[in-house]
Amino acid sequence: LAANATDADGDYLYVVNGSGPCPNDTGTVQIQLENAVDAGTDASITLCTDAAPLTLLNALNGNPDSGGQWTAPGNLAFGDTFNAAADAAGIYTYSVSAVLPCPTQSSTLNISVDPLPQAGEDATLVICADGAVTALFSLLGGSPDDGGAWLNPLGAAHTGSLDPAQDTSGTYTYVVFGPNTCHHLSDTSIVAVTVNPLPVVTFFADPD
């Protein structure tokens, strides 16, 4: 007798027929079936840093059983809710224990977190009207993301290269959007520019 997933548990009899006046003989095998567990299947997810707390079980594929245990990267015990603003990205493992001889089942959830946009820190520029063309991005403090957009003091698109012979004094704004899942978020910084005019030389006639 080979047990399979459709057989019921209980007592299974093995009968050996006797011959002649000898009676039959029987043996009994008592089978108890334990339920297998389901930890779901592996999955990956990317979140923005400002995402709402995530119930990890809901992010796995398949139909995982509840009541299992999560471990964070580094094999540290973890709860069932991931906070993108505070928790580390990486591989989280979900394990569901079974009654022996059924094995424990596990699956993994690979979590990536997109960063918030960073436009850097504000700056100032004082330049003479005959000064060199200056890349405004290079003046920003901090660690600004590249690939953003510049606006001139009137709010129109600007190249980000200030030419004091043509551009005016005022506030130049740098706008950058977050990557991927954070693209709905933006950050801005400014460069306050003062373009000093060239001196005007006035000649006076000698009365003599």
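**View 1. Asp114 sits in strand 9.** Strands here are DSSP runs of E with at least two residues, and helices are runs of H or I with at least four, each numbered from the N terminus. Asp114 counts as buried because its relative accessible area is 10% (buried is under 20%, exposed over 50%, partly exposed in between, using a 1.4 Å probe and protein chains only). Keep in mind that this is a predicted model, where local features need pLDDT of at least 70, side-chain atom pairs count only at pLDDT 80 or more, and totals for chains, interfaces and linings use all residues. Residues are numbered from 1 along each chain as its sequence is written, and side-chain values use heavy atoms, with hydrogens and water left out.

**View 2. Who does Asp114 touch?** Skipping neighbours within four places in sequence, Asp114 is in contact (heavy atoms within 4.5 Å) with residues including Thr46, Cys48, Pro179 and Thr181. The side chains of Asp114 and Thr181 also share a polar contact of 2.8 Å. That term means a pair of N or O atoms within 3.5 Å; within protein, one must be able to donate a hydrogen and the other to accept it, and residues adjacent in sequence count only if both atoms are side-chain atoms.

**View 3. Here is the largest nonpolar core, with 17 residues.** Such a core is a set of buried Ala, Val, Leu, Ile, Met, Phe, Trp, Tyr and Cys residues joined through side-chain atoms within 4.5 Å. Trp70, Phe82 and Tyr92 are among those with the most contacts inside it. Strand 8 (90-96) is one of the elements giving two or more residues, and its 3 residues are the largest share.
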